[in-house]
Amino acid sequence: MADLLIELFSEEIPARMQTRAAQDLKKMVTDGLVENGITYAGAAAFATPRRLALTIQGVLDHSPATREERKGPRVDAPEKAIQGFLRGAGLTMDQLDIRDEKKGQVYFAVIEKPGRPAADIVAEVLENAIRNFPWPKSMRWGAGVLRWVRPLHSIICLLTNDTGSTVVPVQIDDIAAGDTTRGHRFMGADAFSVTGFDDYATKLKRAHVILDPQERQDMIWQDATNMAFANGLEVVDDRGLLAEVAGLVEWPVVLMGKIADEFLDLPAEVLQTSMKEHQKFFSVREPKSGKITRFITVANRETADNGATILAGNQKVLSARLADAKFFWENDLRVAQGDGLTAWTDRLSNVTFHNKLGSQKTRIDRIVSLAATLASIVGASAGDATLAAQVAKADLSSEMVYEFPELQGLMGRYYATAAGLPDAVAAACQDHYSPLGPSDDVPSAPVSVTVALADKLDTLAGFWAIDEKPTGSKDPFALRRAALGVIRLILENNVRLSLSDVIAAHLAQSALSETGQDLAADLLAFFHDRLKVFLRDQGIRYDVIEACLSRGDQDDLVLIVERAKALAAVLETDDGINLVQGFKRANNILSQAEEKDGVEYSFGADIKFAEEEVERQLFAALETTTPKIKTALQAQDFAAAMADMAALRGPIDAFFDGVQVNSDNAIVRRNRLNMLHSIRDLVGQVADLNRIEG
Amino acid sequence: MSTQKPKSFQEIILRLQNYWAAHGCAIMQPYDMEVGAGTFHPATTLRSLGTKAWAAAYVQPSRRPTDGRYGENPNRLQHYYQYQVLIKPSPPNLQDLYLGSLQAIGIDMEMHDIRFVEDDWESPTLGAWGLGWEVWCDGMEVSQFTYFQQVGGHDCHPVSGELTYGLERLAMYVLGVDHVMDMPFNDPDAPIALTYGDVFKQTEEEYARWNFDVANTDVLLRHFQEAEAECEAILAQEHIDPKTGKRIIMAHPAYDQCIKASHMFNLLDARGVISVTERQAYIGRVRALAKKCADAFVQTTAGGYSA
């Protein structure tokens, strides 16, 4: 048994790639070892800005020897067959055994592979890992052909056991593996050699490198929170930023600085965004007021002045940034309070939304008209909804959003409030972009819901009208996300609308298209596709959704989902599963008969032609159940309707057990087929059970 | 290395010149045309192509008409200086060489926090991209560090290492100046001490006015089209010069026209007459020229061609 240490030492690896790269290295090497018969006890991988490191413990010294016997053709078999066998076994004629079998003499190949030393296998596996490493982006450097994320400088590849450590001979172009590395770029630059992982980690620490990213994160977070706490403050939690910052330093040194008084009145989000995006600073706030008053930066070294110079430099850069932000904020407030948000909206007539869909202003006008239609459906004040639609995009003209596009919406809310607009309108300025992702919160305030729906539906209708639909992995206008947003807005707020009618009317009214009906139908199909994906993520089977989408109202997503849920629930029961079987049987017999006879058996059955008891019982069951199902369906109580249908399972099963549908008596046969038809109709009002699998 | 703090903008430039000269670069002079960045200098764009080794460093005055602020913004200028280093193939110790240059201009590595933060470089107008970093000193970006992977649509083989220093910003930091116009241009103890403002405040105003409001857009547009046509006409010539009988591919004269077209586009952009959608089309036209120039250059001797 031995322990393996690998280090790949390079120029600075982008922070966002480090975690994944460490995992990939571990997976590629351990998989490669195991595939070659080298098992191990445990493995761990680490990354710093300048290195990926992997330690594997309990590595087998040799891969086990293998012996394989293969029976070949008979000795007197055609030459071609014998040659083929030799090729397959990788042997020559004189290496074959001949054995006596019942049918005569037969060639046998005995393929023995000796075990190989771990070092040979490690060398192959590591070379393969380096040459085929899945970096998101890689590069060449100098005159070489090797690709790595940034220039690769040295490699440690070391096997260590009780008797000592040995460098595994690996040569990657002009880099030969060894046992040396370097510490911190500035605080431990000299090369040193190591004897194994523990020695490596210890010496790195001495050379001012914390190998484990988690340890760096913990150090940063602990120092930051302590420092804030000592001043009666708290650090604004930001795990993504913490991981990124830990990927920018090998020796984290946390420094806290003050934000100059003149910037303290900026909205907290503006301070936070500016500091995070440009400087990768953490925000530090007063716990009660939430006011951000300080920042935390993480340097990569200690200095004789305890970071004073570094902090002063960072503070200076921050002040320049915040001076810009303050300038934008004050200019924007002047516009919002003076001319109002419409001044900005008017300016958007000069900004192209899409060259075939006109300016942002034209787009806003379309959203306003759609919001007016949707307001009554959603139950929002029409006045507020149209006003909100008019100003919701105004902040796109503001200086702050020009500088920080990610603050769109939020700034709209601040500026709408500053302009004295109602709270519901201001809220819609921010919330109409939501939901952005599948786990984003969905707005529930009626004005916000109205504008959010109008915005997304207009986008979808517009891009459909100019035939810019998503294809394959290409969805440059994020239309799938918009459709999912519409679906979630509708379902979570129980918005009852006829989607294709609303879209067709909007296309006609906004003069986007002359073939509005066809486009609306096509767009509805797109919504159905997204709905399938959405429901599948909620645990509803694909075939259940398919079944519901091919029967009944296709336009009211709320109803479709209720039907799907009712069907999914009933399929959890024995009755439900058997009903599907019964239905399919009925449908098969009926379809075959219809095809053969060229007629539709839709005349309704008559009990007087029923011959058997089970037949009469099914008649009776249908008679009592049909009106119940109708009533339930009218009340849109799909659960009840499905339960009633499931109750038909017994009589249907008994019917099939007891009678032969295709009776010799033509009248009896026709009557039975007519009865199957009414079952198909009845059940088909909720879903097409034929599409249910199993 | 001098650890003495420099006293002026020009001293920082001179120290960089001396440093890179001492490390084997040909110290070249600025290209004599209007460009948006040091990368446009043929010593970078064209010389990064082909197989021949190359090492050059130079100051390049650069113009970005849209960044003009009439000399009022503390660090935004429509005319500024870049310091550019290009070494092909990129040497293994390029990062150390770069850090040495910071030391040379008075940045003490023991007191400052220098970081290499991912920043991939791309020039849509040159059809070029590379991977590298922006270099931070105490949280401020002081340089761009790039390993060129493609230029003018050609894979770079060998790869050039490119360093670009934004001289004003870097110098302001080293000299501890808050407004660019207050920065000493020459030695502040000289008999006639000049600040950056003494040299450039007035020109910033003049150019800002011309760039934003006065430049004749019809003329600019015509110049753009003429440069584009001339570039293509030059490259359409036979490789063999009928007069001398020599093989002369005019990659550089053609590339001059590409530079010109690019600058005309920047001016048109500053005049606000290019819409968002047109913008992409113009950039695409300049890129098409850059690619053709690159195609031509790699067929020349300097581009690695041998008969």
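Me: In this predicted model, how many residues does each chain bring to the contact between chain A and chain B?
Reply: Chain B brings 26 residues and chain A brings 28 residues. On chain B, β4 (114-118), β6 (128-137), β7 (140-151) and α8 (276-297) each supply at least two residues of the side that touches chain A. The largest share of that side, 4 residues, comes from β4(B).

Me: What makes up the side of chain B that touches chain A, by residue type?
Reply: That side divides into 14 nonpolar, 7 polar and 5 charged residues.

Me: Now to a pair of helices. Why is α11(A) called oblique to α15(A)?
Reply: Let's start with the angle: α11 (residues 382-391) and α15 (residues 446-465) of chain A pack at about 50°, with their axes 9 Å apart. Angles under 35 degrees count as roughly parallel, and 65 to 115 as roughly perpendicular. About 50° falls in neither range, so α11(A) is oblique to α15(A). The crossing itself is right-handed.

Me: Which residues meet where α11(A) and α15(A) touch?
Reply: From α11(A) come A:Asp384, A:Ala385, A:Ala388 and A:Ala389, and they meet A:Val447, A:Thr450, A:Val451 and A:Ala454 of α15(A). Sorted by type, this contact has 6 nonpolar residues, 1 polar and 1 charged.

Me: How do you know that β1(B) and β2(B) pair?
Reply: Pairing needs at least two bridges. Strands β1 (residues 26-27) and β2 (residues 54-63) of chain B have 2 bridges, so they count as paired, in the parallel sense. In one of these bridges, B:Ile27 has B:Ala57 as its partner.

Me: What joins β2(B) to β3(B)?
Reply: Here there are 10 bridges, and β2(B) and β3 (residues 79-88) of chain B run antiparallel. The partner of B:Arg63 in β3(B) is B:His79.

Note on methods:
Residues numbered from 1 in each chain as written. Chains lettered and ligands numbered in written order. Predicted model: local features only at pLDDT ≥ 70, side-chain atom pairs only at ≥ 80, totals over all residues. Contact = placed C-beta atoms within 7 Å. Nonpolar A, V, L, I, M, F, W, Y, C, P; charged D, E, K, R; others polar. Axes fitted to C-alpha atoms, helices over the stretch in contact; angles between N-to-C directions. Parallel < 35°, antiparallel > 145°, perpendicular 65-115°, else oblique. Left-handed = near helix turned anticlockwise from the far one by under 90°.
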